[in-house]
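Visitor: Could you take me through one spot in this model up close, and then show me what lies around it?

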Amino acid sequence: MDYRTYTAEDFALDEKFQKWVLDPSAEVTVFWEQWLKENPQQHQQINNAIELVRVAGLSSDSKLNEAYLSVWKKIHDHTLQTKEVSQNTRFRYMKVAAAFIGLVVSSFLVWNQFKTESVIEYRTTFGEIKEFVLEDGSKVTLNSNSLLKFTGGWKDQVSREVFLEGEAFFEIVKTKDQKRFGVNTEDQVHIQVMGTEFNVNTRRQKVEVYLQSGKVKVNSLAGEVTLKPGDFIVCQKDDKSLEVKQNGLTENKDVLDWKSNNYIFNDTPLSEIVSTLEDDYGFIVIIQDKELSQKKITAKISRKDSSVLLRVLSETLDIKIEQDGNHLTFTD
């Protein structure tokens, strides 16, 4: 095998290379490090290949990857057809799809199994929270303005893969045949699940994952992290950095407040509340005085009626809120 002629796509499809990226042994690591020393001209191809493997959210089990990539490509193609995305995002999807096209073609029989399956979508509107039960018995609670999509027929698939836009809390059941469960985002973050309860938020130029119980492995362009209960990880979209907050269940539990259909503010600045109003209700908010954004509030407020929330904010923070349709203006 002459790796000197390999492109990034060739490396990404190579089982020995995948093992080095995903589950390296001492022997495999020594091999690739020595090979790179002898072939420095291939450094760029190697770096690109590492990114491709991580973007696709592959597991360390090469036998599972083939069918998984077929499903992964099908749903991403559907996403690109139904949603307008930025050029950078589109480029990344095309890049990964192209990287694995050879694998998809070689697994035509597996691909043919899914090509007639429709993509199932669960949605919530602004101000709406809904719970859905998936075909394997797993439960998903979708926060407002969120979308979950996946292909059906998990019984005949080697893995259960879903794609999330927005925020959701997952309660995943284990299957008798130990099918893995994966949550994917359009920001190239893949959460591999091992029977667990966890929260994923893809808003505001970052992906946040909070683990309530069980175990999850988070793959992103910045690397791979395994979380334990109580851990909270933030994957920034701009610089692809990872930050893990290991504060435990008590300190990080606030990320689940939305499930109670209440807002629980604890010395929360108005700037953060504005982001919540925009994400959950679709408001367009203007704060006339920047100093207002630093005002803080501690309160428990129902999410069911945005007018109640606005009235409490106005009275508690002593500010004026003018509403014109979905436009809000905050003044002193």
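Visitor: Which residue in β11 does His 190 stand opposite?

Guide: It's Asn 219: that is the residue in β11 facing His 190. Bear in mind that we're looking at a predicted model. The two strands here are β8, residues 190-193, and β11, residues 216-220, and they pair antiparallel over four bridges.

Now step back to the sheet around them. Seven strands make up an open sheet, and reading across you get β1-β4-β5-β7-β8-β11-β12, with mixed pairing. That puts β8 between β7 and β11 in the order. At the edges are β1 (119-123) and β12 (223-227), each of which pairs on one side only. Going from one strand to the next, the twist averages 20°.

Next, the packing. The largest nonpolar core counts 28 residues, and Leu 148, Phe 170, Phe 181, Ile 191, Phe 198 and Val 218 have the most contacts inside it. Strand β10, residues 206-213, is the top contributor to this core, giving three residues. Phe 181 is a good one to click on. Ignoring neighbours within four places in sequence, Phe 181 touches Ile 191, Gln 192 and Val 193, among others. Further contacts of Phe 181 include Trp 154, Phe 170 and Ile 172, along with the charged pair of names Asp 136 and Arg 160. Apart from this core there is another one, with 20 residues, including Leu 270, Ile 297, Leu 328 and Phe 330.

Hold on to Phe 330, since another sheet uses it. In β19, Phe 330 is the bridge partner of Ile 321. Strands β18 and β19 (residues 327-331) run antiparallel and are joined by five bridges. The sheet they belong to is open, has three strands in the order β16-β19-β18, and is mixed in its pairing. Both β16 (284-287) and β18 (320-324) have a single partner strand, so each has one side with no neighbour in the sheet. Averaged over neighbouring strands, and with direction ignored, the turn is 20°. Two helices pack on this sheet. Helix α10 (residues 270-281) touches β16 and β19, and its direction makes about 160° with that of β16. Helix α11 (residues 306-317) touches β18 and β19, at about 150° to the direction of β18.

Last, the rings. The model has 22 aromatic pairs. One of them is Phe 11 with Trp 32, an edge-to-face pair at 5.9 Å centre to centre with 75° between the planes. This pair links distant parts of the chain: Phe 11 is in helix α1 (residues 8-13) and Trp 32 in helix α3 (residues 26-38), 21 residues apart. Phe 11 has 0% relative accessibility, so it counts as buried. Trp 32 also comes out at 0%, which is why it counts as buried. For a stacked pair, try Tyr 122 and Phe 132: their planes are at 5° and their ring centres 4.3 Å apart, so they count as stacked. Tyr 122 is in strand β1 and Phe 132 in strand β2 (residues 130-133), so the pair ties together parts 10 residues apart in sequence.

Back with Phe 11 and Trp 32, both belong to one aromatic cluster, together with Tyr 3, Tyr 6, Phe 17, Trp 20, Phe 31 and Trp 35. Phe 31 has a charge for company: the charged end of Lys 16 sits over its ring, 3.6 Å from the centre. Elsewhere, Lys 259 lies over the face of Phe 169, at 4.2 Å from the ring centre.

Key
Residues are numbered from 1 along each chain as its sequence is written. This is a predicted model: local features need pLDDT of at least 70, side-chain atom pairs count only at pLDDT 80 or more; totals for chains, interfaces and linings use all residues. Side-chain values use heavy atoms; hydrogens and water are left out. A nonpolar core is a set of buried Ala, Val, Leu, Ile, Met, Phe, Trp, Tyr and Cys residues joined through side-chain atoms within 4.5 Å. Buried means under 20% relative accessible area, exposed over 50%, partly exposed in between (1.4 Å probe, protein chains only). Contact means heavy atoms within 4.5 Å. Two strands pair if DSSP finds at least two bridges between them. Axes are lines fitted to C-alpha atoms, for helices over the stretch in contact, and angles run from 0 to 180 degrees between N-to-C directions. Rings of Phe, Tyr and Trp (its six-membered ring) pair if their centres lie within 6.5 Å; planes under 30 degrees apart count as stacked, over 60 as edge-to-face and the rest as tilted. A charge sits over a ring if NZ of Lys or CZ of Arg is within 6 Å of the ring centre and within 35 degrees of the ring normal.
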